Amino acid sequence: MNDILPGEVETWQFLEREAHRIFQLYGFAEIRVPVVEKTELFCRSIGETTDIVEKEMYTFDDRSSNSLTLRPEGTAPVMRAFIEHKMHALDPISKLYYLGPMFRYERPQKGRYRQFHQIGAEAIGVDDPMMDAQVLAMLCHYFEAVGIDSVELHVNSLGCRECRPQYREALTGYLENRLQSLCADCQRRYRTNPLRVLDCKVPTCQEATTDAPSVLDLLCSDCDVHFKQVQQHLQKLGISYTINARMVRGLDYYTKTTFEMVTSQLGSQNAVAAGGRYDGLIQDLGGPALPGIGFAMGVERLVLMKGEQGVEAPRPDVFLAALGDAAGDEAFALMHRLQHLGLRAEMAFTGKSLKAQMRRAGKLNARYVVILGEEELASGEAQLRDMDNKDQQPVSLAGIEQALADKCRLC
Ligand code: HAM
């Protein structure tokens, strides 16, 4: 679990700001849900036999012996809220997004943490493939907006409750003869959740399953048509993608379209964003039979990808260097007025020498410095120094706020 310090947090704020901006362009509204939920919610949605539920949840009993869990993801809590507040009664289509911390007890490494953050979006109520393409278009638009281009969109279809069992059966039959080559985890997965074997990172498991049957060959006609239409819409929008029939996802609620935004920059943690359709989830959780599709991006991974091109903290517009108590009082009041005019104004607060104050102004990278001493107070004119071109001019104290506001609006 990490602290996010000044210097780094500006990149976070930028990524969050762009999420609000881009998602709202697509008509998504923010929803904020608690970080703890009943454990049962995650078992029922993510699936009892997934890694997340089997070994990664932070689960505890509260003082009334209710089993609670720190949310490992955002989709289930958002669906719980959607059902609880009967949001479908207000509008048959809900487009929601969320930002916040998630918790998984995983082995930490670069791009994988125990408290991490997701920015996610969910579109509820539409099963048309056009909505799949719309959600993917929004995801791609976000990556463009934040300037991350070394990513590739991988898409797949996992079928539905009608055709998935046939695929599961075909895959189990295929794996049966290869059990000896699989790792201990996959031997267990073979029985509990065979699709997960395709996602195993152990090289021997990958080798043993290179020619595994493809889920795409066993889709029912409804799922097949749906997936083809998603692709047609993506092509129409000029969104490039790669079909990856081995992408099975680590959560059980998916149906039909699934996708990941992958990169080669982050080692084995190659998914920067991931998601898919979950047409049975809301009903499974006790809500109406409404379809849904969404995704979540890992903010730490986005930050790593922004890397060197991180976002800088805004520089102060003006630093007030004051010499003597009277000038200090005047500067303090002026700073207050400038801040209310919307300028980033700073001062030294302690009675330091002009040299020390100029050093501090330089360290903060202030755009302008106002120098105010007893002489300046008496003459009614302060010195205004442009820290970029080192130009210094007298400026009337009576008009200084307007002068600074005008200059800073230009800079
Ligand atoms: P997920 O694939 O488990 O899907 O996570 C989505 C993204 O969260 C990953 O692609 C990754 O970027 C980030 N992530 C996951 N675990 C960690 C971790 N331990 N440390 C850092 N980043 C991590 C979901 O969570 C689904 N709820 C997505 C979704 C929304 N599907 C439909 N709607």
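**A buried glutamate and its surroundings**

E73 is buried but has no salt bridge, and the nearest side chain of opposite charge, R104, is 5.7 Å away. I will start from that residue and work outwards. Please keep in mind that this is a predicted model.

So where is E73? The residue is in the loop between β4, residues 67–70, and α4, residues 75–84. The distance to R104 has to be read against the cut-off: a salt bridge needs a side-chain nitrogen of Lys or Arg within 4 Å of a carboxyl oxygen of Asp or Glu. At 5.7 Å, R104 does not give E73 a salt bridge.

What does the side chain of E73 reach instead? One partner is the backbone nitrogen of A76, at 2.7 Å. Another is the side chain of Y253, with which the side chain of E73 makes a polar contact at 2.5 Å. Leaving out residues up to four places away in sequence, E73 touches F42, I46, M102, R104, Q118, L251 and Y253. R104 is therefore on the contact list, while the salt bridge is absent.

Two of those names, F42 and I46, take us to helix α2. They are among the buried residues of α2, which are T39, L41, F42, C43, S45 and I46. That is six of the eight residues in the helix, which runs from 39 to 46, so α2 is largely enclosed by the rest of the structure. An α-helix has 3.6 residues a turn, so residues three or four places apart point the same way. The cover over the buried residues of α2 includes β2 (36–38), α3 (51–56), β3 (58–61), β4, α4 and α11. β4 and α4 are also the elements on either side of the E73 loop. Just after α2 comes G47, with a positive phi of about 110°.

α11 was in that list of cover, and its residues are 281–284. G280 is in the loop between β10 and α11. G280 counts as buried, at 12% relative accessibility. From G280 to G292 is twelve residues in sequence and 8.3 Å in space, C-alpha to C-alpha.

β10 brings us to the strands. Which strands pair with β9? Strand β7, residues 152–157, pairs with β9 in the antiparallel sense over six bridges. Strand β10, residues 271–277, also pairs with β9 in the antiparallel sense, over six bridges. For individual pairs, H154 has E260 in β9 as its bridge partner, and V262 has A271 in β10. β9 itself covers residues 255–262, and eight of its eight residues are buried.

Now a second acidic residue, D317. Is D317 buried or exposed? D317 is buried, with a relative accessible area of 9%. Its place is in the loop between α12 (299–306) and β12 (318–322). A polar atom of the D317 side chain lies 2.7 Å from the backbone nitrogen of R344. Not counting residues up to four places away in sequence, D317 touches G342, L343, R344, R367, Y368 and C408.

There are two backbone points to mention. F349, in the loop between β13 (345–347) and α14 (354–364), has a positive phi of about 70° although it is not a glycine. F349 counts as exposed, at 61% relative accessibility. K390 also has a positive phi without being a glycine, near 65°. K390 sits in the loop between β15 (381–386) and β16 (392–396). At 49% relative accessibility, K390 counts as partly exposed.

Last, the chain as a whole. The chain has 16 helices and 16 strands. Its radius of gyration is 28 Å, well over the 22 Å that the globule rule gives for 411 residues, so the chain is more spread out than a compact globule. The C-alpha atoms fill a box of roughly 90 × 50 × 45 Å along the principal axes. Buried residues make up 51% of the 411. Among contacts between residues at least 6 apart in sequence, 70% join residues at least 24 apart.

To come back to the start: E73 is buried without a salt bridge, and its side chain reaches the backbone nitrogen of A76 and the side chain of Y253.

Technical notes:
Residues are numbered from 1 along each chain as its sequence is written. This is a predicted model: local features need pLDDT of at least 70, side-chain atom pairs count only at pLDDT 80 or more; totals for chains, interfaces and linings use all residues. Side-chain values use heavy atoms; hydrogens and water are left out. Helices (H or I, at least four residues) and strands (E, at least two) are DSSP runs, numbered from the N terminus. Buried means under 20% relative accessible area, exposed over 50%, partly exposed in between (1.4 Å probe, protein chains only). Lys and Arg count as positive and Asp and Glu as negative; His and the chain ends are not counted. A polar contact is a pair of N or O atoms within 3.5 Å; within protein, one must be able to donate a hydrogen and the other to accept it, and residues adjacent in sequence count only if both atoms are side-chain atoms. Contact means heavy atoms within 4.5 Å. Two strands pair if DSSP finds at least two bridges between them. The radius of gyration is taken over C-alpha atoms; the globule rule is 2.2 Å times the number of residues to the power 0.38.
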